[in-house]
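These are my notebook entries on one protein chain. I set out what I looked up, entry by entry.

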Amino acid sequence: MTMDLAQTVRELRKSKKMSQASLADLAGTKQATISGIENGTANVELATLRSVCAALDAEIVIIPRRVIGSVRNVVQQHLHRDHQQVPEPVKSVRDELFIPDANDDGDDDDRGPNV
């Protein structure tokens, strides 16, 4: 197990303000298993890792090494964003659904533009 996986599991758990015990409970495993994953010392089965990821609302993804830096940056930005920031509320469902976007061609069917 790589330290990247260990660090990612730890950061995800902490970002959700979960203890190792509560994550273990949600994942159906033991706190010692979570500790081993986060320390990079556990040799866990894929099924256990999938359960831990599901409990963290995360996915296991294989990423080419050449793009890992960019992916890691996106994940870090997500984990460390200001959770206090409230998104701008939608004014109305009508506005969201029926006001055309800049790239809307005015054609409401799926057959393509001007067919």
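**Entry 1: T29**

With which side chain does the side chain of T29 make a polar contact? I found that the partner is the side chain of T33, at 3.4 Å. I note at the outset that the model is a predicted one.

I then looked up where T29 sits. T29 belongs to the loop that runs between helix 2 (20–27) and helix 3 (31–39).

Is T29 buried, partly exposed or exposed? Its relative accessibility is 24%. I recorded T29 as partly exposed, because buried requires a value under 20% and exposed a value over 50%.

Next I listed what T29 touches. Leaving aside residues up to four places away in sequence, T29 is in contact with A24, I34 and T48. I also looked up a distance from T29 to S51, which is 22 residues away along the chain. The C-alpha atoms of T29 and S51 are 8.5 Å apart.

**Entry 2: the chain as a whole**

I turned to the overall architecture. The chain contains six helices and zero strands. Read from the N terminus, the order of elements is α-α-α-α-α-α.

How much of the chain is buried? Of the 115 residues, 18% are buried. The accessible surface amounts to about 9,200 Å², and carbon and sulfur atoms hold 51% of that surface.

I also looked up how contacts are spread along the sequence. Among contacts with a separation of 6 or more, 54% are between residues 24 or more positions apart.

**Entry 3: Q20 and helix 3**

I looked up Q20 next, which lies in helix 2. Is Q20 buried or exposed? Q20 has a relative accessible area of 18%. I entered Q20 as buried, because this value is under the 20% cut-off.

The side chain of Q20 is joined to the side chain of Q31 by a polar contact of 2.4 Å. Not counting residues up to four places away in sequence, Q20 touches R13, Q31, I34, S35 and E38. I noticed that I34 appears here and also in the list for T29.

Which residues of helix 3 are buried? I found I34, G36, I37 and E38. A general rule is useful to me at this point: an α-helix has 3.6 residues a turn, so residues three or four places apart point the same way.

After helix 3 comes G40, with a positive phi near 75°.

**Entry 4: the loops**

I searched for positive phi values in residues other than glycine. K17 has one, of about 55°. K17 is in the loop between helix 1 and helix 2. I counted K17 as exposed, because its relative accessibility of 77% is over 50%.

D57 has a positive phi too, near 55°, and is likewise not a glycine. I located D57 in the loop between helix 4 and helix 5. Its relative accessibility is 67%, so D57 is classed as exposed.

What is the relative accessible area of T41? I read 63%, which means that T41 is exposed. T41 is in the loop between helix 3 and helix 4. I also looked up its distance to A6: the two residues are 35 apart in sequence, and their C-alpha atoms are 8.9 Å apart in space.

**Entry 5: the largest pocket**

My last search concerned the largest pocket. About 1,100 Å³ of space lies in it. Three elements give two or more residues to its lining: helix 1 (3–15), helix 4 (46–55) and helix 5 (68–79).

Which helix gives the most to the lining of the largest pocket? I found that helix 1 does, with eight residues. The lining has 29 residues in total, and those nearest the centre of the pocket are D4, L5, T8, E59 and V61.

Finally, I sorted the lining of the largest pocket by class. I recorded 15 nonpolar residues, seven polar residues and seven charged residues.

Technical notes. Residues numbered from 1 in each chain as written. Predicted model: local features only at pLDDT ≥ 70, side-chain atom pairs only at ≥ 80, totals over all residues. Heavy atoms only, no water. Helix = DSSP H or I, 4+ residues; strand = E, 2+ residues; numbered from the N terminus. Buried < 20%, exposed > 50% of the residue type's maximum accessible area, 1.4 Å probe, protein only. Contact = heavy atoms within 4.5 Å. Polar contact = N/O pair within 3.5 Å; in protein donor to acceptor, adjacent residues only side chain to side chain. Areas by Shrake-Rupley, 256 points an atom, 1.4 Å probe, with all protein chains shown as cover. 1 Å grid on protein atoms, 1.4 Å probe; cavity = no way out; pocket = protein on both sides within 12 Å on 5 of 7 lines; lining within 4 Å. Points joined across faces, edges and corners; volume = space filled by probe spheres on them. Nonpolar A, V, L, I, M, F, W, Y, C, P; charged D, E, K, R; others polar.
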